[in-house]
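Here's a walk through a two-chain model, taken piece by piece. Keep the 3D view open while you read.

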Amino acid sequence: MLSDKIKHEIEHEAAMFERRSGACIDALRIVQRERGWVDDQSVKDVAALLEMTPDEVDSVATFYNLILRRPVGRHVIRICTSVSCWLMGLEPMLAHLEKTLGIGLGQTTADGRFTLIPNQCLGTCDHAPAFMIDDDLHRDLDPEKLDAILANYK
Amino acid sequence: MATIYIDNAPYEVKDGQNLLQACLSLGFNVPYFCWHPALQSVGACRQCAVKQYRDEKDTAGKIVMACMTPATDGTRITIDDAESRAFRAQVIEWLMTNHPHDCPVCDEGGECHLQDMTIMSGHTYREYRFTKRTYNNQNLGPFINHEMNRCIQCYRCVRFYRDYANGGDLAPFASHNHVFFGRHEDGVLESEFSGNLVEVCPTGVFTDKSFKQHFTRPWDLQSAPSVCVHCGLGCNVTPSERYGALRRIRNRYNGEVNGYFLCDRGRYGYEFVNGAGRVRQPLARCKDTGELAPVPKDEALALARAPQGAAIGIGSPRASLESNFALRQLVGADRFFMGVPKRGHQLLSSMISLLRGGPARVPSLREVGEADAVFVLGEDLTNTAPLMALQVYQAQYRAVLPEAEKAGIPAWNDAPVRELLQDKRGFLALATPAETKMDVFAATKCHAAPDEIARLGFAVAHALNAAAPAPEGLAADVAALAAGIAEALRAAKRPLIISGPSCGSEAIVLAAANVASALCAAGLDAALSFVVPECNSIGLALMDAGSLDDAMQAAEGGVDTLIILENDLYRRADRASVDRLLGAAKNVVVLDHTLHATAQKAAVVLPAATFAEGDGSLVNNEGRAQRFIQVMPPQEAIQESWRWCGELLGKPWKNLDVLLAQLGAVLPGFAELAKLAPPADARFGGQRLPRQPHRYSGRTAMQAHLSVHEPQIPNDPDSAFTFSMEGFRGAVPAAVVPSYYAPGWNSVQGLNKFQEEVGGPMRGGDPGVRLIAAAQGARAEFRGAPPAAQATRGAERLIVSLPHVFGSEELSALSGPVAERAPQPYLAVNEADAAAMALSQGDVVELSVGNAQAVLPVEVRASLAPGLVGVPAGIAGIPAVQLPGWGTITKRTEG
């Protein structure tokens, strides 16, 4: 079940659209902010709240790669895998991350601290390579800087 | 008309079309995927590329998508230049990168639009050598098989399911090159139109699961034109057979009736033909055991024969006109009865006289889709006449299309039109006893008891025309509702009123006719359509015979022989009355294809042909007579009921044409029936018409385990068809087109080549002849009197029957996949009534109605009108009494 807080926020968004379904993306974003990811039950709950079918909500949820439909760790690392970052040294960085965290792309560490997922372009090619951890953008990376950055996320 | 130039040759095309429509209508081959004549253009697949030139001097030209380019006057294109060809070949190569090489194990193989288009586009060699994208498939229920790996992302499935058929539970998921079409989780596709995905999908993603249970290569199927027998709309179907079993049903296009689509009851109801309950030999009651046992045909006929004038015949609304007529000839017109109880009988004759009386038009199913405001009284259309519901959805869409035209968007440009219209819909008002699936799409809905629905109807008619009788003591909110509906209908140009017999109320039917008459009197082009319960309800009613109750009265005091034609009387009347009727006869003879409860009581059962094994004509709800043609030679002793009657009469009809000539002479209203299809002796290029495609395999091998000699082709005395792959394959009348093959077009899309223009009528005219014509221009007359407000009767409740698309109809309920979707027996009450009766969900109650009883679990339904109790129509376990009727409900005490 969605918490009253989440429902309240979704209602606020829904009120701003001509049709309640217009608030679908915002509703998914709110659920994800509160819970880290969007589970199947939340898809159904959001659908009921916005007078949509679960299929319609899931259709939107799965379209956006920033909406997560599987459980993730406390912190989500989105590593840019587009061509600029690749040219500027993605591979050694990725190898370092995978070695340090002991996980591959799409996986979560055993302690539930980090999830590592690829992301096609973070829009910061002039400072490649880059990744995002949660809402923070980290740029001009090299393997030596990584451990210090990761240490900030407990 | 516009003139377009294809390779510098001028062609006349209709205004307002796109180039793809225009080229296909002209007979050119242009490959396409996402475009569909009923779904229009979205430009998703990029397959229909052609080259367009600015003017005569332009030699460079540019590539455009034919489906997205208007065919305006002076448009110059070429279809077959090297650059367009290369473009199309490249597009399909790219679409095919993820398509598996599984044609040999794919059910679609051999009738696959993707195969056809790949060949047409010239993509001959596959060079992609890498890993293909794969998906998990879903279990989508008993109708549809899912194989997502084959998907080419044309989006037709969701455009049909969601946009066209208003379904909610099929959607596209994810993005990029991993888009997935399915449900958000495994489960039954809820739409009653889901089976159309099989034909809408250009490849093998969605295939027919029932066909898969007894799969045969599509080119090995034997087919003939037929008509659906599972409701009163008369949708045209193509059933197919192999090895004596009916394998599947596909849509058969009739521009005036079902167009491109069928409902799932019609598509999956066919398995009763192969059912375990079939009668294949004459049966007679054995003197020693008292059981029915097979007997030789002559013996059965001798046992079934009655002295002249000693038999009573009971006909059937699910039997052909020919069979009913043959029985009428056998027993005599005054001893032939309709086999429909009094109330249904009265409703049918009332509906026919209202349709004939005018002044409202009687619309075909196509014309239903052209109404700009719709008012439905007493019918739950998705459950009683699904294709009409689908057409009402189209009417709602088309009613607001002028807004798109105003915005400068052509109607065929589907995506921007829908984007502009959002959820705007034409006016729809519904008045039904309980919530229906259509409620969410209606501007106005009202759930009420039958008499209250009638009162609302009368009030609407009165609001439109003061001369129409007004109900007395109408509540203020109902009066306001009526005024609102009247206003919306008056504002329309082509309003449509739909009603029918589901509520068992003549007042509702009269009210509907009054509304239509009032609209006509106001100068509108109003239409009136009635839904009927069975495939030949109207045809039988046109024969003008007495009701089942009359038959019971006639049999009172004893009768020598009672002949019952394709009718399970235990589904029509309560057990005691039927027992009494059967008991009054010395000899009960049943002609039917299935051993039902009535047949089990008979002294003699003669095995009748189903629609697949015989020829005959049916009349649909609009009065359109249509011919169904034998698909497969009947096995064992099976033959049409009219043949049995002829043999009992001692004067068998030589063939269908001879019978039709006599039918036309005896009942002149049916004289046109002979025109429904070419006569049996018609020859085309000196030949008969083949039921089998030219690639039919194994004809010398199929019987080789019995005899190495090729068997003789079974005789077909009744139609111009032959059970062979040899015969005439040119242009023939639409009524005798067995399948849609054209060179290069093996899939259902080959239909394009059989229509006057794509999406238009069949070449030479759509099949069927209208036997009912409204007296258009007649003066608007108002009939009937509004009933009094629905009374209450102390502890008694009004029991209404609630129709179910799956389960309520007798024959489709015998089909495995449909039976799987049928509801369990229940007794529905709304929340307030449940509280008043101290009932809760799942309680077990005893229902007593008429002189029948049943024990049922309670279902609390918020949407049921207060004061009513609903039981599912036609489901085993529900007593077959006339509903609505007053009954009592007693809660079963614990233990």
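## Domains and how they sit

In chain A, 29 Å separate the centres of domain 1 and domain 2, taken over C-alpha atoms. Before going on, bear in mind that this is a predicted model. Domain 1 of chain A covers 4–63, and domain 2 of chain A covers 75–151.

Chain B is cut into three pieces: domain 1 (2–98), domain 2 (361–525) and domain 3 (797–891). Between the centres of domain 2 and domain 3 of chain B there are 27 Å, again over C-alpha atoms. The two touch through 14 residues of domain 2 of chain B and twelve residues of domain 3 of chain B.

## Two contact surfaces

Let's put the A–B interface and the contact between domains 2 and 3 of chain B into one table.

| Contact | Buried area | Share from carbon and sulfur atoms |
|---|---|---|
| Chain A with chain B | about 1000 Å² | 45% |
| Domain 2 of chain B with domain 3 of chain B | about 950 Å² | 67% |

What does each side of the domain 2–domain 3 contact in chain B look like up close? On the domain 2 side, Asn383(B), Pro433(B) and Ala434(B) lose the most area to domain 3 of chain B, and together they account for 40% of what that side buries. As for polar links, the count between these two domains is zero salt bridges, but there are four residue pairs in polar contact. Helix α12 (residues 381–384) of chain B is the top contributor on the domain 2 side that touches domain 3 of chain B, with three residues.

Now for the chain interface. Ten residues of chain A touch 15 residues of chain B. How many salt bridges cross between chain A and chain B? The rule finds three of them. In one salt bridge, the side chains of Lys44(A) and Glu185(B) come together at 3.3 Å, N to O. Eight residue pairs are also in polar contact across the interface of chain A and chain B. Helix α4 (residues 54–63) of chain A gives the most to the chain A side of this interface, with seven residues.

## Two sheets in chain B

One open sheet in chain B has five strands, ordered β2-β1-β5-β3-β4, with mixed pairing. Why is one side of β2 (9–13) and of β4 (62–65) in chain B left without a neighbour in the sheet? Both stand at the edges with a single partner strand each, so there is nothing in the sheet on their other side. From one strand to the next, the twist averages 40 degrees. Further in, strands β1 (residues 2–6) and β5 (residues 76–78) of chain B run parallel and are joined by two bridges; Ile6(B) has Ile77(B) as its bridge partner in β5(B). Helix α2 (residues 82–95) of chain B packs on this sheet, touching β3 (49–53), β4 and β5 of chain B, and its direction makes about 150 degrees with that of β3(B).

The other open sheet has seven strands in the order β15-β14-β25-β24-β23-β16-β17 of chain B, also with mixed pairing. Its edge strands are β15 (292–294) and β17 (336–337) of chain B, each pairing on one side only. Strands β14 (residues 283–285) and β25 (residues 604–607) of chain B pair antiparallel over two bridges, with Val604(B) in β25(B) as the bridge partner of Ala284(B). Helix α8 (residues 297–304) of chain B packs on the sheet and touches β14, β23 (559–565), β24 (585–592) and β25 of chain B, at about 130 degrees to the direction of β25(B). Helix α20 (residues 575–584) of chain B lies across β16 (311–314), β23 and β24 of chain B, running at about 110 degrees to β24(B).

Conventions:
Residues are numbered from 1 along each chain as its sequence is written. Chains are lettered from A and ligands numbered from 1 in the order in which they are written. This is a predicted model: local features need pLDDT of at least 70, side-chain atom pairs count only at pLDDT 80 or more; totals for chains, interfaces and linings use all residues. Side-chain values use heavy atoms; hydrogens and water are left out. Domain bounds come from an automatic or database domain assignment. Two strands pair if DSSP finds at least two bridges between them. Helices (H or I, at least four residues) and strands (E, at least two) are DSSP runs, numbered from the N terminus. Axes are lines fitted to C-alpha atoms, for helices over the stretch in contact, and angles run from 0 to 180 degrees between N-to-C directions. Contact means heavy atoms within 4.5 Å. Buried area is the accessible area (1.4 Å probe) that two parts lose on being put together, summed over both. A salt bridge is a side-chain nitrogen of Lys or Arg within 4 Å of a carboxyl oxygen of Asp or Glu. A polar contact is a pair of N or O atoms within 3.5 Å; within protein, one must be able to donate a hydrogen and the other to accept it, and residues adjacent in sequence count only if both atoms are side-chain atoms.
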